Amino acid sequence: MTTGRPLHLAAEIGGPPRYEPDHYLGLARLAEGGALDYVTLGDSFARPGPDALSVLARIAPVTDRIGLVPTVDTTHTEPFHVSSAVATLDWVSRGRAGWTADVSTTEAVARLFGRRTTAPAEALWREAGEAADAGARLWDSWEDDAEIRDTATGRFIDRKKVHHIDFEGEAFSVRGPAIVPRPPQGRPVTVIDGTTAPARAVAARHADVVHIRATSPEQAAAARADVHRLAAAHGRSARELRVLVALAVDLGDAETAPEPGLESGPPLAGHGTYFRGGPVDLAELISQWYRAGAADGFHLTPITPARDLERIVNGTVALLQHRSLFRTFHPGHTLREHLGLARPASRYALARTAGERR
Amino acid sequence: MHLAAHFPGVNSTTVWSDPRSGSQIDFASFEYLARTAERGKFDFFFLAEGLRLREYDGRVHDLDVVGRPESLTVLNALAAVTDRLGLAATVNATFNEPYELARRLATLDHLSGGRAAWNVVTSSDAFTGENFRRGGFLDRSDRYTRAAEFVSTARELWDSWTPDGMPRPVAHHGTHFDVSGEFTVPRSPQGHPVVIQAGDSDEGREFAASAADVIFTRHGTLEAGRAFWADVKGRLATYGRGPDDLKIMPGVTVVVADTDAEAQQYAAEIRRLQVSPQNAILTLEQVWGRDLSGYDPDGPFPDIDPEPDSGFAQGRVRVADPFAVAAKWRALSEEKGLSIRETVIESATRQSFVGSPETVAAGLTAFVDQKAADGFILVPHLTPGGLDDFVDRVVPLLQERGAFRSEYTGSTLRAHLGLAEPVWKG
């Protein structure tokens, strides 16, 4: 190993629409068996299929360690509701929740709501950034020890430790505090696909995990460096971020396909670069890119989830584990622990204690 | 008889100072209470909603349980650890949009195998609105026209797939909503999730008669229940509905002990715990609309007048006529020689059914037999064990009498409630 940093692996479990929870549970348990960091479930209001956050909440109590990361629209939703739902996913999964913040750019989705027309991507992503910012403030708005249950004074909470956030953005305002007490991870993990420039700017500022697309390790390394540079401008260090290469994978029918490799065309728009080959070839690619320092890990989207995820876990992941490039079990319980990301302190707790010291 | 369990949390009946009181937020609490309700063959499990923490004089209220999870997310998780229990979420029709909510409710119905319910509430509260894009608020009549159009729009979306599984475009152009396009979730196991309406106002009753499957009410006495029954069931015919199409389920509290006398004693203890000295003063402040922190809860009533509309107590149900309430409480205090706290306990708290298991079972059965209710939503005072006594001691008696099911006979909430699947209006 050349980097000394652990490799992170995640997988998408969406695909053709399914409405039975056992379908999703089977895939999540498969990923959990491979000790993957998290599963994602892509979503949009125009995509046939069930609400992704609900699906992952449905399987939370019957999985143990795997991180659960639904896509959530920030264009047509209320930031206050979104932050409550994601925090609740963290409570019901005991610290395994994340969310992929995304925007709706089409008129077709706007007409399903009928309260606004669509806007340029820059504006939608600025709004997504505000939603992420307001959400993080709401998650911080209860300090960890706000609940005191002090029978002597009759006080259930210490109100000094529950804060209004008074968020004023361009697109909305939120007074706060949160209804949901601070979730187990402090802040659930925020994931953003940083492929486009406006999304990357927001990701660098607000995301814990950034997905990027690349067709070569050099390109990936450059994108990762770009994310780090943008993050630094907001006072964030590379240690606070994970950058994962997004790959759509088709592991085909054979153990090793005749001509493995990446395709430059976009057969699956939106799912990153398209890899075709066998599980061993994929392990080879991940090893090479990772050793070259191109990324912190990979987010794999199997094009046929039931078939390809099984091959990823039992073929690719098993080989990476055999080579000691990837762990064989989850050493911690929370998604932040899997990702090696610190549990953040509440900004309001820090401000209050700083104020008290003065 | 139909039975439902309310998760005790953010309200003044929950006694958090009891050593048996557990977490109001850990999933284990929800799982425990839901499993208990399912063990008791209850129709459904009911979650309230919070959209803004209650405040007094600009400060967060700190004397009752504070903080709760988001309902639909918890219910989806509970669907994994229960098999038959209905799962009812309170979701506000003022601060949500039909497309998104219809999708989330249809998802819950699919993922739970047909056990979803939606308790429709509305808000006219600018205070709550400060957490949302909409900002502002709607006046009382607009709240209900929006809610009614919200429910009918959701139903258009739920009906938009043909029974053989083909999506058809929806085009709703109404006063409050303009929704067009294709719904992305096929018709769910119940056709439409069960719709519950909470509230006793005239507009609320009319809305329930037109659109709801269950009405969640509060009425203390058998007489009040009978009057409510006659009124609400009488409104159904206007909408082409029969008396069995809307179930009346009052929220009730139950205190059970070995004997009636012990239960009465336990009930008095609970009432005392519900009204701490601090809570007694705060209850008074709600009526008086001013700071009364200088008064002794064990002393006499303040001799100053209420200041209505002071905005002192926000995020709480408004007291309709503070002067009348203040006068009534003063009179009660003088007549019986009660302190502030004793007066609040005497007038503001009351358990609905108190006694031995036999007494409670008989009381509940009388309400149903005499057409004062179709069933009850139990509001326990403890999290999460507050239903144990009822399920272990009262439910078996109700079952022996044939007043309540011994086994689930269907798998969906509509089946438990004896409600027909809605006719597809494609």
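Biologist: Which count of polar contacts does the rule give across the interface of chain B and chain A?

Modeller: Happy to start there: in this predicted model, 30 residue pairs are in polar contact across the interface of chain B and chain A, both residues at pLDDT 80 or more.

Biologist: And which elements make up the side of chain B that touches chain A?

Modeller: Those giving two or more residues are helix H1 (27–39), strand S4 (59–60), helix H2 (71–79), helix H3 (98–111) and strand S8 (178–181) of chain B. The largest share, seven residues, comes from H3(B). By residue class, that side of chain B divides into 23 nonpolar, 19 polar and 17 charged.

Biologist: How many residues does each chain bring to the contact, and what area is buried?

Modeller: Chain B brings 59 residues and chain A brings 66 residues. Between them they bury about 5400 Å², with 58% of it on carbon and sulfur atoms.

Biologist: Why is the pair Arg103(B) and Asp43(A) called a salt bridge?

Modeller: The rule asks for a side-chain nitrogen of Lys or Arg within 4 Å of a carboxyl oxygen of Asp or Glu. Arg103(B) and Asp43(A) have an N to O distance of 2.6 Å, so the pair meets the cut-off of 4 Å and is called a salt bridge. The count between chain B and chain A is seven salt bridges.

Biologist: What about Arg5(A) and Asp296(A), what makes them a salt bridge?

Modeller: Here the N to O distance is 2.6 Å, and because the limit is 4 Å, this Arg and Asp pair qualifies too. The pair links distant parts of the chain, 291 residues apart: Arg5(A) is in the segment before strand S1 (8–12) of chain A, and Asp296(A) is in the loop between helix H8 (279–291) and strand S14 (297–302) of chain A. Over all chains, the search finds 56 salt bridges.

Biologist: Let's turn to the barrel in chain B. Why do strands S9 and S10 of chain B count as paired?

Modeller: Pairing needs at least two bridges. Three bridges join S9(B), residues 194–198, to S10(B), residues 214–217, so they count as paired, and they run parallel. One partnership is Ile196(B) with Val214(B) in S10(B).

Biologist: Which strands form the closed barrel?

Modeller: Eight strands of chain B, in the order S1-S2-S5-S6-S9-S10-S11-S15, with parallel pairing. Neighbouring strands are turned by 25° against each other on average, direction ignored.

Biologist: And where does H3(B) lie?

Modeller: H3(B) lies across strand S5 (86–92) and strand S6 (116–121) of chain B, running at about 150° to S6(B).

Technical notes: Residues numbered from 1 in each chain as written. Chains lettered and ligands numbered in written order. Predicted model: local features only at pLDDT ≥ 70, side-chain atom pairs only at ≥ 80, totals over all residues. Heavy atoms only, no water. Contact = heavy atoms within 4.5 Å. Buried area = accessible area lost by both parts, 1.4 Å probe. Polar contact = N/O pair within 3.5 Å; in protein donor to acceptor, adjacent residues only side chain to side chain. Helix = DSSP H or I, 4+ residues; strand = E, 2+ residues; numbered from the N terminus. Nonpolar A, V, L, I, M, F, W, Y, C, P; charged D, E, K, R; others polar. Axes fitted to C-alpha atoms, helices over the stretch in contact; angles between N-to-C directions.
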